[in-house]
Amino acid sequence: MLDSVSSGNGSCGFEAFGEPVLMQDCVAFENGEAGFRTSNGGKIADCIARFNDSMGIDGGYFSTITNCTVKHNPWGIFIGGSCHVTGNMCEGNGDGILAYEGRNEIDENHVLNVGTGIKLSATDPGLRNNLVTRNTAGNNETNYDIAADNRYGPIIDITAAGTAAVTGDSGPDTSTTTHPWANFSC
């Protein structure tokens with residue numbers, strides 16, 4: 001499914017199961033369930049999900065979700081296991097990115113104004129071996145909720161005031177870390 005719009009459906013905006021599945025450059029808004037839903041091995045790229053009644057994106061298992069904008073849904077991005085979730089913007093959802101299984105890579109996402117920014121806290125014993133790196137979460141009720149047995153880069157709080165202003169062509173590093181996999185709370 002390429003370059004399509006789905007709005008006002010009683011169920012999902014876009015839903016495809018089986019392999020291979022590609023949803024790219026699509027917009028799903030004001031649908032009765034998820035904006036986008038796929039199962040094993042799907043790819044959802046460069047899409048927008050807004051004001052859907054369930055998840056913005058339900059990625060299932062073994063899926064790639066990249067460079068999407070997910071706003072004002074009860075859940076932003078909802079994934080099972082072995083997914084690659086990278087470069088997405090989640091804003092104003094109930095929760096930002098929620099994983100309920102393991103072996104996911106959650107990398108370089110920006111999650112703002114939600115309940116929990118990145119949530120890996122289910123009671124499922126399979127929720128382990130996830131990797132969380134280079135994300136930014138801010139102005140959420142809880143920025144990160146990561147259960148034991150998962151891996152993540154350091155989480156750096158950059159909300160404190162005190163950095164000098166800069167005008168011109170250069171300035172010092174004020175990120176407070178040089179760690180390449182750092183996550184930030186802003």
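This note covers strand pairing and two backbone outliers in a predicted model.

1. Strand 3 with strand 6. Strand 3 spans residues 21-24 and strand 6 spans residues 42-45. The two pair in the parallel sense, over four bridges. One contact to look up is Leu22, whose bridge partner in strand 6 is Lys43.

2. Strand 6 with strand 9. Strand 9 covers residues 64-66. Strand 6 runs parallel to strand 9, and three bridges join them. Lys43 appears again here: its bridge partner in strand 9 is Thr64. Follow the register from Leu22 to Lys43, then from Lys43 to Thr64.

3. Side-chain direction. In a regular strand, side chains alternate between the two faces of the sheet. Keep that in mind when reading along the strands.

4. Asp25. What is the sign of phi at Asp25? Positive: the value is near 55 degrees, and the residue is not glycine. Most residues other than glycine have a negative phi. Asp25 sits in the loop between strand 3 and strand 4, the latter at 27-29. Is Asp25 partly exposed or buried? Its relative accessible area is 37%, so Asp25 counts as partly exposed, given that buried means under 20% and exposed over 50%.

5. Phe51. Phi of Phe51 is also positive, near 55 degrees, again in a residue other than glycine. Phe51 lies in the loop between strand 7 (48-50) and strand 8 (55-60). With a relative accessible area of 42%, Phe51 is partly exposed.

Key
Residues numbered from 1 in each chain as written. Predicted model: local features only at pLDDT ≥ 70, side-chain atom pairs only at ≥ 80, totals over all residues. Heavy atoms only, no water. Pairing = 2+ DSSP bridges. Buried < 20%, exposed > 50% of the residue type's maximum accessible area, 1.4 Å probe, protein only.
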